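Work through the exercises below with the structure open. Each task is followed by its solution in steps.

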Amino acid sequence: MKKPVLKQIDGNSINYWMLLALLGSFVLAAVGAHFYMEHGGHYVTGMNNQIVWGLPHVFAVFLIVAASGALNVASIASVFGKTAYKPLAPLSTLVAIALLSGGLMVLVLDLGRPDRLIVAMTIYNFKSIFAWNMIFYNGFFLIVGIYAWTMLQRNLNKYSRIAGFSAFIWRLALTTGTGSIFGFLVARQAYDAAIMGPMFVVMSFSFGLAIFLLILLATYKWTDRPLGDATFIRLKNLLGVFVAGVLYFVVAQHLTNLYATEHHGVEAFILRDGGIYTQLFWYGQIIMGGLIPLALIYHPTTGKSRTAISIASLLIVLGGMIQMYVIIIGGQAYPLELFPGKEVTSSFFDGVVNSYNPTFAEGILGVGGFAVALFMVAFAVKVLNFLPESLADEAVDPHHSK
Amino acid sequence: MSPKHSDKNTNEYRRKFLAQSAAVAGLAIAPGIVLNQVAHAKADADKVTGSTRWGMLIDTNKCSKGCTDCVTACSDENGWGGTNSSETHSSKEQQAQWIRKVTITDKQTGHVQSLPLMCQHCETAPCVDVCPTGASMKRKDGIVLVDKHICIGCRYCMMACPYKARSFIHEKLELQKNNAPRGIGTVESCTMCTHRVDKGNDPACVEACSKAEHGAMIFGDLKDANSAISIELKKHGGEQIRADLGLNTGVRYQGL
Amino acid sequence: MMSLRQFAKHLVVLVGLTALPMLSNAGDLGPVVPKAKENASEKTKCIRPVTEMRKNHMEFLKHKRDETMREGVRTKADSLVECIDCHVTPNEKGEYARIGEDGHFCSSCHNYAAVNIDCFDCHSDLPEDAAKHLHTLNKKNPHHKDMTANGSLTKENLEVLTEGGNQ
């Protein structure tokens, strides 16, 4: 098999610059939203002392999780030695780095004191999963960056396998760490489950690949580069497996919780009585983000249509965001269980379902995270040789015969 | 700008100061009556040690249902809430609340109880574990605090706290109490009135409760077998809220 | 793309432009620092020589801050509350300047030197009795927290600031 030729895109068309301008304006809007929120304080947001993490965290955690998943394609190539994925590996590292940047931007800009970021970077409490994550995130940039470098510079190619392997291990740790933020909070009924760690890993596979596939389909269409069915079908089948995997973990999570009486309250809240959260869970997360994409991916007709698979990927992304919303916001909305078996009332909203009305600024900040990621990808593929010139079937698979 | 050249001056100054403080402390302790009144006083220059663990015991049977004196006293002492704070933009859900009165009704029996709830000053505090920068910390004498100098406002501690004891400041504040600094973008909670405790006084809530002649709150050293709180705990026991979490709280309740 | 040399050129021009107002302000006598309530002793005005405080107050404050915050040391020396109590004084009309205003002890220099501090995001900028008075006067006092940086630093002023002078 001949080596794939990586080549930067021309990026001279009006449309390309329009895309950059559009993404750039979203980034600027997000920065504006940040200044608006930081100027007078968080009182302008819907977040409060009951719902302490809001929409920005939904976006941030989603992007961070998706980042590690986007690295999947590269891992399959280097760690599991599947040559068919090899040409896609550099793009995979790029998307991973870009998504993580977007997610971290949102996370940092929502801090109460973003001006003290230096404190977070220099003082660590090693008992905190957050502190570990800080190291995981920074390390991810470094390791994945080196990995990309070993692939892009020919005389370093021989190191790409070991770099890819390190990135793979690191990525698993990172997602487990991110999931564990919600796994080890003993106080909250909704987060008291070690399954969160592994579940987030599978979620990352699914969300990351969906975004990767969308970016791949879009760039190859817009640049008129050939993208053969061999690559396309492989990726979409893999995506199907991951979506099913997420559903499996969600079922396991809720069944485990339903077994323990102490979790019946919160399970009833999410699955049956939670109003908006129940609707989001069933219609958004399960049906829109899980069952419909699965049907589109595996149906004999739609499974071959790139439009249908693009829609499926979009639904997976949306469903994933909704899943994050249900986990993060829904989990906080359910009241803390302070006195089991008793009814609680107070002047501080004890014993009531907490309300959260996200504001426009929070949403804009979150969308800005996506914009940062996409901007980075669009920019990088123009200045560096990330994209294979051709992903036509005969270019990726030597045994392919027409 | 290194302060090195001034070390000599500083040390001299400190020596002098320490000597003076020690002398003052000696004078204060000399008469037995003074010693009785400020039984848990430490000298100003002393650091807190692990030989003390401050705790509180709340008797829910003595706690009066309509009474909010402890809440008012805390609010006045520390400058949060209602009339005391410049937290005017924040919604009710966003305003800080260090201590609150909670009414609990038993679903089976209909038995109603009232009690104050604040930071429980856990021995193994989840908020301290999760804080990425170590801003959420526990003093050697068991009081759990937020070091607002290094708090980045991530609010993970608020997610971790089983008692919803912490508040985030959603706007710029001014004219805080000099003893209770609090400000935008950081998290705060009950400090067990460290500034009073370090001077040998009871926390404001406890003082208010005895002033109202309810006497439902006792403050003292859990490690001192002869303190009022230890004697009462040994005699009649005391429960922790969410004892199942195994946090070994510094605040205990009777009659739950 | 800008070359490194070009970039350096730009930088030099930029720095030059920034320095201009400083040179033109050479006659400025420096910040007017409000007088403290009283002298600490007959020998020293402050608890340490003024020159030393001007140079290193931030180090002292930071050291003390951790000692008090984390270890419960409650001595008065280097306590921010004590600094404020003694140094933030009313003007002839009996009015207190707030942080950010040139008349406030901290701001008088910090505005002048354009050094931003965030102590007063959390700490009160007034002595407790003055703050209490203000509270009763006007519950919804407008915020004075926005730090302004006006004036600029000359070489002479820098010397005055760090080597001591009239206070």
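**Exercise 1: the elements of one chain**

Task: What is the order of the elements of chain C, from the N terminus on, in this predicted model?

Solution. Reading from the N terminus, chain C runs α-α-α-α-α-α-α. The count agrees with that string: seven helices and zero strands.

**Exercise 2: burial and contacts in chain C**

Task: Find what share of the residues of chain C is buried, and what share of its contacts joins residues at least 24 apart.

Solution. Step one is burial, where a residue counts as buried if 20 or more other C-beta atoms lie within 10 Å of its own. By that cut-off, 22% of the 167 residues of chain C are buried. Step two takes the contacts in chain C between residues at least 6 apart in sequence; of these, 67% join residues at least 24 apart.

**Exercise 3: a sheet from two chains**

Task: Which strands form the open sheet, and in what order? Then place the helix that packs on the sheet.

Solution. Strands of a sheet pair through backbone hydrogen bonds, either parallel or antiparallel. Here the order is S1(A)-S2(B)-S3(B), with antiparallel pairing. The edges are S1 (342-346) of chain A and S3 (112-118) of chain B, each pairing on one side only. From one strand to the next, the twist averages 30 degrees.

Next, look at the pairing between chains. S1(A) and S2 (residues 99-106) of chain B are joined by five bridges. Within S2(B), Thr105(B) is the residue opposite Glu343(A).

Last, the helix: H3 (residues 69-78) of chain B packs on the sheet and touches S2 and S3 of chain B. The direction of H3 makes about 160 degrees with that of S2(B).

Technical notes. Residues are numbered from 1 along each chain as its sequence is written. Chains are lettered from A and ligands numbered from 1 in the order in which they are written. This is a predicted model: local features need pLDDT of at least 70, side-chain atom pairs count only at pLDDT 80 or more; totals for chains, interfaces and linings use all residues. Helices (H or I, at least four residues) and strands (E, at least two) are DSSP runs, numbered from the N terminus. A residue is buried if 20 or more other C-beta atoms lie within 10 Å of its own, exposed if 12 or fewer, and partly exposed in between; C-beta atoms are placed from the backbone. Two residues are in contact if their C-beta atoms, placed from the backbone, lie within 7 Å. Two strands pair if DSSP finds at least two bridges between them. Axes are lines fitted to C-alpha atoms, for helices over the stretch in contact, and angles run from 0 to 180 degrees between N-to-C directions.
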